[in-house]
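Me: Please take me through the terms used for this structure. For each one I should like the value set against the definition.

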Amino acid sequence: MDKKTQFLKVYANLPLGARDEIVAVVDGEPLTWKSAKLEIEQDTPKGKQVLESLTSLKILP
């Protein structure tokens, strides 16, 4: 399973209230789960950085 799919699986299981919480900081900019999802779905460079960050923090398997 690729990182994008893993993220979407974790995101789908989050409570709605948790989606507004900050999950990562990329280039000094905090990103919520919702904004991270948008970046990842659109395959932006920032989305790729979020996936790498979440993997290194062991949030994604």
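The exchange below treats strands, helices, burial, packing and backbone angles in turn.

Reply: This is a predicted model, in which local features need pLDDT of at least 70 and side-chain atom pairs count only at pLDDT 80 or more, while totals for chains, interfaces and linings use all residues. Residues are numbered from 1 along each chain as its sequence is written, and side-chain values use heavy atoms, with hydrogens and water left out.

Me: Why are E1 and E2 called paired strands?

Reply: Strands are DSSP runs of E with at least two residues, and helices are runs of H or I with at least four, numbered from the N terminus. Two strands pair if DSSP finds at least two bridges between them. Strand E1 (residues 22–26) and strand E2 (residues 29–32) are joined by four bridges and run antiparallel, so the criterion of at least two is met. Within this pair, Ala24 stands opposite Leu31, and Val26 stands opposite Glu29.

Me: What lies between E1 and E2?

Reply: The two strands form a hairpin with two residues between them. Asp27 lies in this loop and has a positive phi of about 55° although it is not a glycine. Most residues other than glycine have a negative phi.

Me: Why is Asp27 called exposed?

Reply: A residue is buried under 20% relative accessible area, exposed over 50% and partly exposed in between, for a 1.4 Å probe and protein chains only. Asp27 has a relative accessible area of 67%, and is therefore exposed by the cut-off of over 50%.

Me: Where does Asp43 lie, and what class of exposure does it have?

Reply: Asp43 lies in the loop between H2 and H3. Its relative accessible area is 46%, so Asp43 counts as partly exposed. Phi of Asp43 is positive, near 55°, and this residue too is other than glycine.

Me: How do you know that the length of H3 agrees with expectation?

Reply: The expected span is 1.5 Å times one less than the number of residues. Helix H3 (residues 45–56) has twelve residues, and the expected value is 16 Å. From first C-alpha to last, H3 reaches 17 Å, which is close to that value. H3 is followed by Lys58, whose phi is positive, near 65°.

Me: What makes the buried residues of H3 lie on the same side?

Reply: The buried residues of H3 are Gly47, Val50, Leu51, Ser53 and Leu54. They cover an arc of only 165° around the axis, which puts them on the same side of H3; the arc is that of the directions from the helix axis to the C-beta atoms. An α-helix has 3.6 residues a turn, so residues three or four places apart point the same way. On the other side of H3, Pro45 and Ser56 are exposed. The buried residues of H3 pack against helix H1 (3–12), E1, E2 and helix H2 (33–41).

Me: Which residues are buried in H2, and how are they placed?

Reply: Trp33, Ala36 and Ile40 are the buried residues of H2. They cover an arc of only 60° around the axis, which puts them on the same side of H2. They pack against H1, E1, E2 and H3.

Me: Why is Ile40 called buried, and what does it touch?

Reply: Ile40 has a relative accessible area of 3%, so it is buried by the cut-off of under 20%. Contact means heavy atoms within 4.5 Å. Not counting residues up to four places away in sequence, Ile40 touches Lys4, Phe7, Gly47, Val50 and Leu51.

Me: Why are H1 and H3 called roughly perpendicular?

Reply: Axes are lines fitted to C-alpha atoms, for helices over the stretch in contact, and angles run from 0 to 180 degrees between N-to-C directions. Angles under 35 degrees count as roughly parallel, over 145 as roughly antiparallel, 65 to 115 as roughly perpendicular and the rest as oblique. H1 and H3 pack at an angle of about 75°, with their axes 10 Å apart. H1 and H3 are therefore roughly perpendicular to each other. The contact is made by Lys3, Lys4 and Phe7 of H1 and Leu51, Glu52, Leu54 and Thr55 of H3.
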